[in-house]
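Reader: I have a protein model open and I'm not sure how to read it. Could you walk me through it?

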Amino acid sequence: MLEVIDIHKDYEQTPLLKGVSMHVAQGETVCLLGPSGSGKSTLLRIIAGLEPQKAGQVCWEGKDISYVPVHKRCFGLMFQDYALFPHRSVAENVGFGLRMQGIGQEELEQRVTEALAQVDLAAFAQRRVTELSGGEQQRVALARALAPRPRLLMLDEPLGALDRALRTELLQELRRLLHASQIPALYVTHDQEEAFSIADRLILLHEGRVVQEGKPDDVYLHPASSWVAHFLGMENFLPGEVMDAAGGRVMTALGEFVTTEALCQPLAAGDLVQLLLRPGGLRLAPVDGELNLFVGIVEDVLFQGAMYQIVVRCAGDRRFHFNVDQPLPLGKDLALYFDPDSISCLR
Ligand code: ADP
């Protein structure tokens, strides 16, 4: 399907995309996730043909389409600012692109009907877009992108302007729609939650490079670096120095820790790392041995429905958030053990 190979792009002599490669397969929703300014929109515009790349190729089914103009790529685009014509009807808005393509009236009407049905707006065809809610307008924009039957749909922060409750609802709907239509989609967002809800596969972009790619749960469970873990909103970092790479042993200010995951990483003794302690890995029961043991004080307890989150203050004023089944008294001194399977060792 879509394959992007080693794309480079500068903006005012500064490298913006530094060798990005990625692909989107049939029926797959791929989410391009990264902080603002990481180059996501620029990459999307290059794929769409709205901007030329400095180097690299954009391929469709194995053919280089880098020099194919926008309208011949048959890619649908939907932006945050969906720019509907306010004084035209829903049907006129959806049919606009088709009319520009010179499609005959009969087929145009059929395609508009089909696209509106896909987004559950069949009954709204004759309404003015100004009479619709934000969410409905967003669906009109989606119908407009779907009407020309694109072979790839690209969405750039499509829900950016809506409030959170509506976003959650529309995300679920969008996911259902994309899967039902089997149109491959490339979805750009800076919002981690949005990306995790919609993506079959995530591509994380940071400073113009792909820093990690994979299924949402794999990325979450195995962040490739401490930057990724921070960006995904994880907490509980503990800096340390690798003592024994093969054995996964790391010395920290709180004592020596062993992690099972360090074994998977190309680390050497003396490397400086960040241990990521997962909130569920804390054990309160006393354990024999010397590794993964530390002490702390319960500083806060937060009720979170299915469990409690405790804030533990350790030596050096380090604070960690852990999940526990039972609330603990504030100020309680704790002797703690941390499960080696719940520690990631990151650079
Ligand atoms: P993202 O979509 O990840 O927020 P963009 O691809 O929009 O990132 O842009 C990345 C950076 O490139 C911006 O922060 C900006 O500095 C620069 N840039 C690219 N194109 C333009 C432009 N046309 N005008 C101003 N800045 C631009």
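Author: Happy to help; we will look at the sheet, then the ligand, then the empty spaces. Keep in mind as we go that this is a predicted model.

Reader: Let's begin with the sheet. What holds strands together in general?

Author: Strands of a sheet pair through backbone hydrogen bonds, and the pairing can be parallel or antiparallel. Here you have an open sheet of four strands, with antiparallel pairing and the order 2-1-4-5.

Reader: Why is one side of strand 2 and of strand 5 left without a neighbour in the sheet?

Author: Strand 2 (14-24) and strand 5 (63-64) stand at the edges and each has a single partner strand, so one side of each has no neighbour in the sheet.

Reader: How many bridges pair strand 1 with strand 4?

Author: Strand 1 (residues 2-11) and strand 4 (residues 55-60) are joined by five bridges in the antiparallel sense. You can follow this on your screen: Leu-2 stands opposite Trp-60 in strand 4, while His-8 has Ala-55 of strand 4 as its bridge partner.

Reader: And what joins strand 4 to strand 5?

Author: Those two run antiparallel and are joined by two bridges. For one residue pair to find, look at Cys-59, whose bridge partner in strand 5 is Asp-64. Strand 4 and strand 5 form a hairpin with two residues between the strands, and in this hairpin Glu-61 takes a positive phi near 45°.

Reader: Now the ligand. Which residues surround the ligand?

Author: The shell consists of Tyr-11, Leu-16, Pro-35, Ser-36, Gly-37, Ser-38, Gly-39, Lys-40, Ser-41 and Thr-42. Helix 1 (residues 40-48) gives the most to this shell, with three residues. Sorted by class, the shell has three nonpolar, six polar and one charged residues.

Reader: Which atoms should I look at more closely?

Author: Try the oxygen atoms of the ligand. A backbone N or O atom of Ser-38 lies 3.1 Å from a ligand oxygen. In the side chain of Lys-40, an N or O atom is 2.8 Å from an oxygen atom of the ligand. For Thr-42, a polar side-chain atom lies 2.5 Å from a ligand oxygen.

Reader: How much of the ligand's accessible area does the protein cover?

Author: On its own the ligand has 570 Å² of accessible area, and the protein covers 56% of that.

Reader: What about the empty spaces? How much space lies in the largest pocket?

Author: The largest pocket holds about 720 Å³ of space. Its lining has 26 residues, and those nearest its centre are Phe-75, Gly-76, Leu-77, Gly-97 and Pro-148. Strand 6 (75-79), helix 2 (90-100) and helix 4 are the elements that give two or more residues to this lining. By class, the pocket lining has 19 nonpolar, four polar and three charged residues.

Reader: And how many cavities of 30 Å³ or more does the structure hold?

Author: The structure holds one, and the volume of this largest cavity is about 40 Å³. To find it, look for the lining residues Gln-138, Arg-139, Leu-142, Leu-170, Glu-173, Leu-174 and Leu-177. Helix 4 (134-146) and helix 5 (164-181) are the elements that give two or more residues to that lining.

Reader: Which helix gives the largest share of the cavity lining?

Author: Helix 5 does, with four residues. By class, the cavity lining has four nonpolar, one polar and two charged residues.

Conventions. Residues are numbered from 1 along each chain as its sequence is written. This is a predicted model: local features need pLDDT of at least 70, side-chain atom pairs count only at pLDDT 80 or more; totals for chains, interfaces and linings use all residues. Side-chain values use heavy atoms; hydrogens and water are left out. On a 1 Å grid over the protein atoms alone, a cavity is a set of points where a 1.4 Å probe fits but cannot get out, and a pocket is an open set with protein on both sides within 12 Å along at least five of seven lines; lining residues have an atom within 4 Å of a point. Grid points are joined across faces, edges and corners, and a volume is the space filled by probe spheres set on the points. Ala, Val, Leu, Ile, Met, Phe, Trp, Tyr, Cys and Pro count as nonpolar, Asp, Glu, Lys and Arg as charged, and the others, Gly among them, as polar. A residue is near a molecule or strand if one of its heavy atoms lies within 4 Å of it. A polar contact is a pair of N or O atoms within 3.5 Å; within protein, one must be able to donate a hydrogen and the other to accept it, and residues adjacent in sequence count only if both atoms are side-chain atoms. Accessible areas come from the Shrake-Rupley method with a 1.4 Å probe; for residues, only the protein chains shown count as cover. Two strands pair if DSSP finds at least two bridges between them.
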